[in-house]
Amino acid sequence: MNSKKLFTIALSAAMLAGCGSSGSAAASSTAAAASAGASTAATAASGASGKVYYLNFKPEADEQWQEVAAEYTKETGVPVTVLTAASGEYESTLKSEMSKEEAPTLFQVNGPVGLASWKDYCYDLTGSAIEGELTNDAYNLKDGDQILGIAYVTEAYGLITNKSLLEKAGYTVDDIKSFDDLKKVAEDITARKDELGFSAFTSAGMDSSSDWRFKTHLANLPIYYEYKDAGVGDEDELKGTYLDNYRAVWDLYINNSTIDPSQLSTATGDQSEAEFVNQEAVFFQNGTWEYGAVSAIGDDNLAYLPIYFGVDDANEGLCIGTENYWCVNAKASPEDIQATLDFMNWCVTSDYGVKMMTDGTEGMGFNIPFKSNPESTNVLVNLANANTGTPVSWNFTTMPSEEWKNVLGQALTVYAADQTDANWELVRQAFVDNWATEKQLAASNG
């Protein structure tokens, strides 16, 4: 199955609630720019006199976005500024920047919950050139009839695996088909780590540069299975049905890793990444966006396993979806709005823009949901596409707030340092009780 098809199927299932009918059309000069290869000429033809200010969500792609901005300005004369928020600080940075006279003209939200906070600032993208470049309208983020956001990247995450280290421990990826298999392998590696010279898992850092992997991405799985049981895409209250599974995976991570669980509060994302790149651990929970770093161990040495959760392991696949929707600031000047629309379209239609967004070596390594998406040079994307399991949809876009995530992360950190039932009860309260509280607060503020 090719990358466009797999990611379309996975995301369509996750986003049905966000889809509606089409609304008003954007300027005809923008719509005329839809054909690939003509975007630079179209930008010039539109006579855009404005400027672009992009508040980027992805720190790992900052260098590439700076290069894209410089190239676009060189080709078109349109000034493009890119500011990248620090990891875990996007929402607070967005609030700060939006209060300024020179506010971002291009920003992003993570899905329906994020859109609820910013929809008054979102320009209707219905009929725009970039909307016409999408491979499926499931990638539109809607409020009623208006398209207020467009996904610009689809991604997958799971357990990035070092095959050679796994083989040195006496196993292959074919030996791991379930949580029980993963647990057996990880605990055996831990028992022999001094002999082997490596650990099972990289550090599960709970510093803000890393904690999102566990308070958001890992927490997605118990939410996914609870939603799946109920046949829904969101809930005002959670039962916590699969929290025992969440605990089992978390225990496995923190008790079979490169560092002591008591040290996780200050362990960083860079630290975990370096441990994998330096071949100090077999497994690294992370996503396709990590390819630029992990490719250092060699493409042939990489494998990608699902985060087996002990629920439906025979069918479970990687976690596939998006929390990255471009939005155009409706409060910007008409000239800046047009310049921003032209820039977005150029990014997904020009040879340079597409290469920078999709190339796994020189660019960002994204799988983009647009007609121009090429066969990926990102090996992790190709491994995700080759996985035959049922994709786990990204339901963390329905998490009620950043506060919910932060409280959960704090509880996980406390538990890691002292793994008692009483401390896991704090995790349960953060997961279940605070979900209801934060959902009610969001509803009252909406």
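These notebook entries record what I looked up in the predicted model above.

**Conventions**

I worked with a predicted model, in which local features need pLDDT of at least 70, side-chain atom pairs count only at pLDDT 80 or more, and totals for chains, interfaces and linings use all residues. Residues are numbered from 1 along each chain as its sequence is written, and side-chain values use heavy atoms, with hydrogens and water left out.

**Entry 1: cysteines**

I looked for disulfides, defined as a pair of cysteine sulfur atoms within 2.5 Å. The structure holds zero of them. Cys-327 is in no disulfide, and the nearest cysteine sulfur, that of Cys-122, is 3.8 Å away. I then looked up accessibility, where buried means under 20% relative accessible area, exposed over 50%, and partly exposed in between, with a 1.4 Å probe and protein chains only. Cys-327 has a relative accessible area of 0% and is therefore buried. Cys-347, at 1%, is buried as well.

**Entry 2: second largest pocket**

I next turned to empty space. Rolling a probe the size of a water molecule over the atoms shows where such space is left. The search runs on a 1 Å grid over the protein atoms alone: a cavity is a set of points where a 1.4 Å probe fits but cannot get out, a pocket is an open set with protein on both sides within 12 Å along at least five of seven lines, and lining residues have an atom within 4 Å of a point. Grid points are joined across faces, edges and corners, and a volume is the space filled by probe spheres set on the points.

The second largest pocket encloses about 350 Å³. It is lined by 18 residues, of which Lys-177, Tyr-304, Pro-306, Tyr-308 and Asn-387 are the closest to its centre. The elements giving two or more residues to this lining are β9 (302-305) and α18 (379-386); helices (H or I, at least four residues) and strands (E, at least two) are DSSP runs numbered from the N terminus. β9 gives the most, with three residues. For residue classes, Ala, Val, Leu, Ile, Met, Phe, Trp, Tyr, Cys and Pro count as nonpolar, Asp, Glu, Lys and Arg as charged, and the others, Gly among them, as polar. The lining of this pocket has ten nonpolar, four polar and four charged residues.

**Entry 3: cavities**

I found two cavities of 30 Å³ or more in the whole structure. The largest cavity has a volume of about 50 Å³. Among the residues that line it are Phe-201, Arg-213, Tyr-253 and Gln-285. α11 (212-218) and β8 (281-287) each supply at least two residues of that lining, which by class has five nonpolar, three polar and one charged residues.

The second largest cavity has a volume of about 30 Å³. Its lining includes Tyr-224, Tyr-225, Lys-228, Asp-312 and Thr-390. Helix α12 supplies the largest share, three residues. By class I recorded three nonpolar, three polar and three charged residues.

**Entry 4: helix α12**

I followed α12 (220-230) further. This helix is mostly covered, with eight of its eleven residues buried; Tyr-224 and Tyr-225 are among them. Asp-229 lies in the same helix α12, but with a relative accessible area of 54% it is exposed. The C-alpha atoms of Asp-229 and Thr-241 are 9.7 Å apart, the two being twelve residues apart along the chain. Gly-231 follows α12 and has a positive phi, near 70 degrees.

**Entry 5: helix α20**

I checked the length of α20 (residues 421-445). The expected span of a helix is 1.5 Å times one less than its number of residues. For the 25 residues of α20 this should be 36 Å, and the end C-alpha atoms are 35 Å apart, which agrees. The helix nevertheless has a kink of about 40 degrees centred on Asn-434, the bend at a residue being the angle between axes fitted to the seven residues ending there and the seven starting there. Asn-434 is itself one of the buried residues of α20, which also include Trp-424, Phe-431 and Trp-435.

**Entry 6: two single residues**

Most residues other than glycine have a negative phi. Gln-279 is not a glycine, yet has a positive phi of about 60 degrees. It lies in the loop between α14 (269-277) and β8 and is partly exposed, at 33% relative accessible area.

Leu-55 lies in strand β1 (residues 52-56) and is buried at 0% relative accessibility. Its C-alpha atom is separated by 7.7 Å from that of Gln-108, 53 residues apart along the chain.
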